[in-house]
Amino acid sequence: MKTLHLLSHSPFTDQRLTSCLHVIGADDGLLLTGDAVLALQPGSLQRKALELMPAGVQLFALEEDLIARHLQDCLPERVNSVDYPGFVALSLQADKVNSWL
């Protein structure tokens with residue numbers, strides 16, 4: 001993976017997710033943490049946008065945050081849930097990490 005993009009802010013309060021999706025590359029990954037996992041709510045426009053990302057874009061969500069927001073059982077098929085050690089592993093696999101603060 002070239003770049004791992006990290007998002008932690010709710011997609012319903014600002015435009016970070018939209019901005020990220022405009023610049024994400026076909027060989028990049030996106031890890032949703034914190035309130036950013038709310039983008040995975042069934043039926044939301046944000047979830048549809050994620051589901052339409054090119055197949056080469058890897059999508060991840062932090063398991064702890066999914067559980068805290070009761071979203072662990074409704075993930076799209078292409079989104080992989082990762083724990084904190086998985087988060088670290090993804091960070092090490094990527095050529096660079098871009099945090100959308």
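Student: Why is Asp35 called partly exposed?

Tutor: In this predicted model, Asp35 has a relative accessible area of 33%. Buried would need a value under 20% and exposed a value over 50%, so a residue in between is called partly exposed. That is where the 33% of Asp35 falls.

Student: What makes the pairing of Asp35 and Arg69 a salt bridge?

Tutor: Their side chains meet with a nitrogen and an oxygen 3.0 Å apart. The cut-off is 4 Å between a side-chain nitrogen of Lys or Arg and a carboxyl oxygen of Asp or Glu, so the pair qualifies. As background, side chains of opposite charge can pair when their charged atoms come close.

Student: Which parts does this pair tie together?

Tutor: Asp35 sits in the loop between strand 2 and helix 2 (45-51), while Arg69 belongs to the loop between helix 3 and strand 4, so the bridge joins parts that are 34 residues apart in sequence.

Student: Which residues are linked in a network of salt bridges?

Tutor: The network holds Asp35, Asp65 and Arg69. Besides the bridge to Asp35, Arg69 has one to Asp65 at 3.6 Å, N to O, and that value also meets the 4 Å limit. Arg69 is partly exposed at 26%, whereas Asp65, at 11%, is buried.

Student: How many salt bridges does a search of the whole structure find?

Tutor: It finds 4. One of them joins Glu51 and Arg47, at 3.1 Å from N to O.

Student: What separates Glu51 and Arg47 along helix 2?

Tutor: About one helical turn, because the two are 4 residues apart in that helix. Glu51 is partly exposed at 36%, but Arg47, with 13%, is buried.

Student: Asp28 has a charged side chain too. What makes us say that Asp28 has no salt bridge?

Tutor: Look at the nearest side chain of opposite charge, which is Lys2, 6.9 Å away. A salt bridge has to be within 4 Å, so this pair does not count. Asp28 is nevertheless buried, in the loop between helix 1 and strand 2.

Student: What lies 3.2 Å from a polar atom of the side chain of Asp28?

Tutor: The backbone nitrogen of Thr3 does. Setting aside neighbours within four places in sequence, Asp28 also touches several residues, including Met1, His5, Gly56 and Gln58.

Student: Why is Gln46 called buried?

Tutor: Its relative accessible area is 18%, and the cut-off for buried is under 20%. Gln46 is in helix 2 and, apart from neighbours within four places, is in contact with Pro11, Phe12, Leu17 and Ala39.

Student: Which elements give two or more residues to the largest nonpolar core?

Tutor: Let's meet the core before its elements. It has 21 residues, and Leu7, Leu17, Leu30, Leu32, Leu40 and Leu50 have the most contacts inside it. The elements you asked about are helix 1 (16-23), strand 2 (29-32) and strand 3 (58-62). Helix 1 gives the largest share, 3 residues. Leu17 touches Leu7, Leu30 and Leu50, among others beyond four places in sequence. Apart from this core lies another, of 9 residues, among them Phe60, Leu62, Val82 and Leu90. In soluble globular proteins, nonpolar side chains tend to be buried together.

Student: How many disulfides are there?

Tutor: The count is 0. A disulfide would need two cysteine sulfur atoms within 2.5 Å, and no pair meets that rule. As for individual cysteines, Cys20 is buried at 0%, while Cys74 is partly exposed at 23%.

Student: Why does His70 count as exposed?

Tutor: Its relative accessibility is 68%, and exposed begins over 50%, so His70 passes that mark. His70 is in the loop between helix 3 (63-68) and strand 4 (79-82).

Student: What is phi of His70 near?

Tutor: It is near 55°, a positive value in a residue other than glycine. Most residues other than glycine have a negative phi. One more thing to find on screen: the C-alpha atoms of His70 and Leu38 are separated by 9.8 Å, though the two are 32 residues apart along the chain.

Key
Residues are numbered from 1 along each chain as its sequence is written. This is a predicted model: local features need pLDDT of at least 70, side-chain atom pairs count only at pLDDT 80 or more; totals for chains, interfaces and linings use all residues. Side-chain values use heavy atoms; hydrogens and water are left out. A nonpolar core is a set of buried Ala, Val, Leu, Ile, Met, Phe, Trp, Tyr and Cys residues joined through side-chain atoms within 4.5 Å. Buried means under 20% relative accessible area, exposed over 50%, partly exposed in between (1.4 Å probe, protein chains only). Contact means heavy atoms within 4.5 Å. Lys and Arg count as positive and Asp and Glu as negative; His and the chain ends are not counted. A polar contact is a pair of N or O atoms within 3.5 Å; within protein, one must be able to donate a hydrogen and the other to accept it, and residues adjacent in sequence count only if both atoms are side-chain atoms.
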